[in-house]
Every structure is written in structure tokens, then in C-alpha cells.
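Biologist: I am new to this structure and would like to learn how to read it. Please take me through it one feature at a time.

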Amino acid sequence: MHTDIWACPEAANYVPGTDLTGYKVEATDGTVGKVDKHSAEVGACYLVVDTGPWIFGKQVLLPAGIITSVDSEQRLVHVSRAKEEIKNAPEYVPDKHDHDGGHRMEFADYYLAFFR
């Protein structure tokens, strides 16, 4: 079982070094947006997703541990969360997140409540 929320599961077929920026993100029940930022830093891998108009342009951070598959040909990332779970996630605020490592724990706490 995959237990590191900040690492992409091997089964997801993510090729290290691949920049996922611009990839479409699919939740378990439909499209949630596009990857606006991708961090592949060891121990801190995540996607920042621009959810677009379906929740008024909110940006959310998705830990790499919820990625279920990456399709490089179709530029598509599948995640193991429903749209509602992503909609209710804390908002990603670049200035706060990028300069405060503790802010990442807010996202970890939120997603770990659902981590399967």
C-alpha cells in the first residue's frame, strides 16, 4: 500500500523529470482543472491545480500521493479524489505556501483524512 502522501505512487506511471504543468486533472467523477504548477522535489511532490470556473477559479494543492495515473500522450493526470473533496480543500495561496513550509501541513492534514 502506498502511504507517502508527498510521493507519486509507482503504479501511477509517472516518469521522473516529466513536467506535468498544463496537464488536465481528472477526479474520480470528472475534470477538475489543469496543472498550474508541479513540484517534483523529493519528499514534497505536489500539483497546484487551477480549478477554473467550476469553483470560481480557486487554486488547490494536490499531494502527489493521490495521483492514480499519468497519461503523457493525452496530457492527463487522474487522482483518487472526487470533485467535491477537491472543491473543499484549502485554497493554495502562493505567497503563503511558497514561503511557509508549515502551510503544506494544512494540505497534508486535509488529504490524510481521506487517504486510503
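Biologist: In what order do the elements of the chain run from the N terminus on?

Modeller: First, note that this is a predicted model. From the N terminus on, the order is β-β-β-β-β-β-α-α-α. That comes to three helices and six strands.

Biologist: How are the strands of the sheet ordered?

Modeller: The order in a sheet is read across neighbours, and here it is β4-β3-β2-β1-β6-β5. The sheet is open, has six strands and shows mixed pairing. At the edges are β4 (59-63) and β5 (67-71), each of which pairs on one side only. On average, neighbouring strands of this sheet are turned by 35° against each other, direction ignored.

Biologist: Which strands pair with β1, and in which sense?

Modeller: Take the two partners in turn. Strand β1 (residues 24-27) pairs with β2 (residues 30-39) in the antiparallel sense, over four bridges. One bridge there links Ala27 to Gly30 in β2. With strand β6 (residues 76-79), β1 runs parallel, and three bridges join the two. Glu26 has His78 as its bridge partner in β6.

Biologist: What does Glu26 tell me about distance along the chain and distance in space?

Modeller: The two distances are read separately. Ser80 and Glu26 are 54 residues apart in sequence, while their C-alpha atoms are 8.9 Å apart in space. Ser80 lies in the loop between β6 and α1 (83-87). Ser80 counts as partly exposed because its relative accessibility is 24%, and the buried class is kept for values under 20%.

Biologist: What share of the contacts joins residues at least 24 apart?

Modeller: The share is 53%, taken among contacts between residues at least 6 apart in sequence.

Biologist: Let us turn to the other edge of the sheet. How do β5 and β6 pair?

Modeller: They pair in the antiparallel sense over four bridges. Asp71 stands opposite Leu76 in β6. The two strands form a hairpin with four residues between them.

Biologist: What is notable about the phi of Arg75?

Modeller: Start with the general rule: most residues other than glycine have a negative phi. Arg75 has a positive phi of about 50° although it is not a glycine. Its place is in the loop between β5 and β6. With a relative accessible area of 40%, Arg75 is partly exposed.

Biologist: What is the phi of Asn13, and is that residue buried or exposed?

Modeller: Asn13 also is not a glycine, and its phi is positive, at about 65°. This residue sits in the segment before β1. Asn13 is exposed because its relative accessible area is 55%, and the exposed class takes values over 50%.

Biologist: How many residues of β4 are buried?

Modeller: Five of the five residues of β4 are buried, so this strand is largely enclosed by the rest of the structure. In the chain as a whole, buried residues make up 46% of the 116 residues.

Biologist: Which way do the residues of β4 point?

Modeller: The general idea is that side chains in a regular strand alternate between the two faces of the sheet. In β4, Gln59, Leu61 and Pro63 point one way and Val60 and Leu62 the other way, and all are buried. Strand β3 (residues 46-50) runs antiparallel to β4, and five bridges join the two. Leu47 stands opposite Leu62 in β4.

Biologist: How much space lies in the largest pocket, and which residues are closest to its centre?

Modeller: A pocket is described by its volume and its lining. The largest pocket holds about 240 Å³ of space. It is lined by 18 residues, and the closest to its centre are Ala7, Cys8, Tyr14, Pro16 and Cys45. By class, the lining has 13 nonpolar, four polar and one charged residues.

Biologist: Where is Ala7 placed?

Modeller: Ala7 is in the segment before β1. At 22% relative accessibility, Ala7 counts as partly exposed. Ala7 and Glu41 are 34 residues apart along the chain, and 9.0 Å separates their C-alpha atoms.

Terms used: Residues are numbered from 1 along each chain as its sequence is written. This is a predicted model: local features need pLDDT of at least 70, side-chain atom pairs count only at pLDDT 80 or more; totals for chains, interfaces and linings use all residues. Side-chain values use heavy atoms; hydrogens and water are left out. On a 1 Å grid over the protein atoms alone, a cavity is a set of points where a 1.4 Å probe fits but cannot get out, and a pocket is an open set with protein on both sides within 12 Å along at least five of seven lines; lining residues have an atom within 4 Å of a point. Grid points are joined across faces, edges and corners, and a volume is the space filled by probe spheres set on the points. Ala, Val, Leu, Ile, Met, Phe, Trp, Tyr, Cys and Pro count as nonpolar, Asp, Glu, Lys and Arg as charged, and the others, Gly among them, as polar. Two strands pair if DSSP finds at least two bridges between them. Axes are lines fitted to C-alpha atoms, for helices over the stretch in contact, and angles run from 0 to 180 degrees between N-to-C directions. Buried means under 20% relative accessible area, exposed over 50%, partly exposed in between (1.4 Å probe, protein chains only). Contact means heavy atoms within 4.5 Å.
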